[in-house]
Amino acid sequence: MTIRNLFAGAMATAMTATISLPALAATDITWWHAMGGQLGETVNEIAEKFNASQSDYKITPVFKGTYEETMTAGIAAFRGGEQPNVIQVFDAGAATLIGAKGAVIPAQDLMNDNGVPFNIEDYISGVRYFYADSDGTMIGMPFNSSTPILYYNEDALKKAGVTAPKTWEEFQSVTAPKLKEAGYVPLSQSHLPWIFTENFYSRHNLEFATRANGYESGTPVMLLTESPIKGHFTAVKEWYDNGMFGWYGTGWTDNQKPFNEGQVAMWLGSSGSFGGVKASAKFPFSATYLPYWESITKDPKQTFIGGAALFAMSGHPKEENEAVAQFFKFLTSPEIQYFWHKETGYVPITTAAYDLAKKDGYYKETPQAEIGIKQLSLPAGEWTKGYRLGFYVQVRDVMNREYGKIFAGEKTVDAAFETIEEESNNLLDRFSKTMGN
Amino acid sequence: MKKSQFRSPLYPYLLLLPQLSIVVIFFYWPAAEAIRSSFYLEDPFGFSSTFVGLDNFKDMVLRSDYVATARFTVIFSVLVTFFSLATALLLAVTADRVLRGASTYKTLLMWVYAIAPPVAGLIGIMLFDNLVGPITEFFRTIGWDFKLGVNRFDTAFAMITISIWKQIPVNFIFFLSGLQGIPKSVQEAASIDCKSTLRRFWTITFPLLAPTGFFLLIINITYSLFDTFGVIDVVLKGEPGNNPVTLVYKVFLDGFRGNDLGGSSAQSVILMVLVLILTVFQFRMIERRVHYS
């Protein structure tokens with residue numbers, strides 16, 4: 001590490017001496033992200049736009065692999081004292097980063113300290129507090145935010161003579177049987193923990209874990225075995241057995257592909273999947289809100305976001321932090337948010353950006369693109385702010401494992417949820433101890 | 001023979017230094033670090049670290065999937081080791097008899113050796129793909145509704161098959177050179193005494209191949225325990241779900257995906273001890289029966 005630095009330093013000095021750069025150099029900052037492919041190119045474009053918009057700061061985006069890989073790389077770099085200025089960390093990893101006191105500078109403080117105006121009310125309500133602490137201070141700047149919505153094949157629904165279901169009751173009694181008759185697999189979904197678990201709690205305004213869904217200090221306990229979620233999974237398993245629901249494994253694309261290819265009539269995916277579906281589906285499609293159970297609530301609420309946030313890592317000089325604050329300001333500007341929204345399908349995170357998209361007539365041409373943000377702007381409930389749970393990657397792995405056992409018929413719904421609750425709570429307990437609480 | 005003498009008593013150590021430092025830096029130091037952190041609960045950023053004694057070991061072993069993972073690892077290793085050795089031996093014996101076109105045959109069989117495990121995994125999941133995989137289609141025509149990633153057994157089948165396929169060439173090369181090292185005179189003498197090819201193989205050829213076989217056994221057990229990581233990772237597409245994983249893969253899942261350093265270290269220490277026992281057992285019990293000429 002040191003030798004390489006020394007060498008790099010020597011090289012840099014030599015180069016400066018020979019080429020003689022302008023005296024006033026821009027402050028360089030780095031941004032590690034997990035956006036591959038088309039998304040990565042859009043990230044690069046945003047960075048270029050920022051660099052072109054002023055001459056004081058220069059941001060360099062670096063693609064670090066999957067969400068997990070990016071986070072692990074960030075942690076290793078932090079321990080080696082070589083952390084990037086900005087790191088993109090996903091929803092399930094947020095607790096680890098926020099729980100490690102001193103690893104990040106809260107986005108809100110960073111902006112306030114550097115004279116960048118910040119008002120949390122500018123952000124749309126479904127996004128606002130997800131990466132905040134228990135006092136409502138925004139820690140991570142929401143970046144790519146999406147929410148689960150229902151995509152449907154318009155041809156398939158027409159053929160079956162049904163409309164997209166609003167409730168699961170409607171799906172169960174009308175939509176699914178008719179679609180099945182018409183020769184389709186009625187429904188598939190791509191992320192059981194996110195769509196059928198976390199967002200089940202949010203949509204029905206149910207308490208997911210104690211201590212305010214984990215936001216308050218102390219060790220939260222997950223509330224699964226006494227919850228209506230068991231009823232939901234009992235129904236899903238029945239649909240699966242009756243050919244009303246398709247499950248193609250834990251992988252995201254394995255479940256999206258049959259929808260793209262027209263075998264599955266409706267698919268629950270991310271609002272950010274819009275571009276991908278549009279590129280590969282050869283049929284007209286549309287989207288609507290995530291269905292809910294009328295038997296549980298007559299007043300469905302907004303859903304949680306998924307995706308990731310940008311965190312400013314600590315341990316950098318003041319000028320670099322200032323550069324990060326300026327970058328956050330640029331990133332949250334309506335124009336950039338609208339650009340990001342349009343290019344990727346992720347929702348705009350501020351009301352101003354949403355208004356700009358409306359004013360520009362974007363939703364007139366593509367009404368499907370508005371579903372995600374509309375769902376996030378539905379009335380909030382007591383339990384719709386989000387969740388902050390540690391070792392949540394493992395908790396989701398436990399869920400996926402046990403849900404797989406339900407579908408395979410290896411376990412009953414009751415037994416599976418007992419295992420999930422017990423193991424999740426052990427993990428939360430372990431996390432709490434790990435964080436020195 | 002002339003006995004060589006070093007001028008200074010320190011000189012041999014100096015020559016050994018590069019090798020020793022590599023071993024120490026890349027093997028002993030990380031191993032010691034793993035043992036240390038298996039006794040601590042530490043947040044990934046390293047802000048706080050608490051000594052917890054054997055709690056990490058207890059937490060890991062008591063998880064409902066640990067025993068299942070250990071059991072699968074044993075089954076996986078036994079099947080992969082056995083079938084990759086057996087198939088390679090069969091191919092090598094057959095290749096050894098071929099005179100015409102022998103080199104083409106050998107090259108074709110060795111080819112797979114050049115493929116990296118993740119690439120082998122990728123080719124494997126294409127062949128086993130649920131929608132377009134030719135192997136999957138073949139299984140369906142014979143009435144096996146094969147579903148990779150959905151059915152535990154099917155996923156395990158694919159993982160094991162790909163891992164065996166990947167390892168056959170290495171074993172083949174060693175077995176073939178082992179076979180060609182057996183003196184012709186011995187084989188000719190044997191064929192005068194015994195008519196049965198099979199019997200000749202088991203009584204003459206196989207014992208003479210034993211040193212090669214023992215070496216390959218150790219290599220293959222290590223391969224099936226550790227080097228199959230790439231294949232497993234690709235087959236699972238990063239999401240284990242309800243699919244079986246090996247102990248090594250679980251160390252990765254908890255440590256790198258989940259950032260549970262203490263728990264992951266405890267698991268790798270358990271694995272280290274297991275491998276140590278296995279190696280001692282192999283050298284004590286099996287090597288005694290191997291005759292080096």
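**Exercise 1. Locate B:Lys237 in chain B, then describe its backbone and its burial.**

Solution.
Step 1. B:Lys237 lies in the loop that joins helix H10 (229-236) to helix H11 (247-257) of chain B. The model is a predicted one.
Step 2. The phi angle of B:Lys237 is positive, about 50°, although the residue is not a glycine.
Step 3. Around B:Lys237 there are 19 other C-beta atoms within 10 Å. A residue is buried at 20 or more such atoms and exposed at 12 or fewer, so B:Lys237 is partly exposed.

**Exercise 2. Find where A:Phe391 sits, and decide: is A:Phe391 buried or exposed?**

Solution.
Step 1. In chain A, the loop between helix H18 (371-376) and H19 contains A:Phe391.
Step 2. A:Phe391 is not a glycine, yet its phi is positive, at about 45°.
Step 3. The count for A:Phe391 is 27 other C-beta atoms within 10 Å, and therefore A:Phe391 is buried.

**Exercise 3. Describe how the two domains of chain A are laid out along the chain and how they meet.**

Solution.
Step 1. The domain assignment of chain A gives each domain as two segments: 25-146 + 305-376 for domain 1, and 148-303 + 390-434 for domain 2.
Step 2. Taken over C-alpha atoms, the centres of domain 1 and domain 2 of chain A are 27 Å apart.
Step 3. Domain 1 of chain A contributes 22 residues to the contact, and domain 2 of chain A contributes 23 residues.
Step 4. On the domain 1 side, the elements giving two or more residues are helix H4 (94-99), strand S5 (141-146), strand S10 (306-313) and H18 of chain A. H18(A) gives the most to this side, with 4 residues.
Step 5. By residue class, the domain 1 side that touches domain 2 of chain A has 7 nonpolar, 14 polar and 1 charged.

**Exercise 4. Work out which parts of chain A touch chain B, and give the make-up of that side by residue class.**

Solution.
Step 1. The contact between the chains takes 34 residues from chain A and 32 residues from chain B.
Step 2. In chain A, two or more residues of the side that touches chain B come from each of helix H3 (67-79), helix H12 (252-260), helix H19 (392-408) and helix H20 (413-434).
Step 3. H19(A) supplies the largest share of this side, 8 residues.
Step 4. The chain A side that touches chain B is made up of 10 nonpolar, 13 polar and 11 charged residues.

Conventions: Residues numbered from 1 in each chain as written. Chains lettered and ligands numbered in written order. Predicted model: local features only at pLDDT ≥ 70, side-chain atom pairs only at ≥ 80, totals over all residues. Contact = placed C-beta atoms within 7 Å. Nonpolar A, V, L, I, M, F, W, Y, C, P; charged D, E, K, R; others polar. Domains from an automatic or database assignment.
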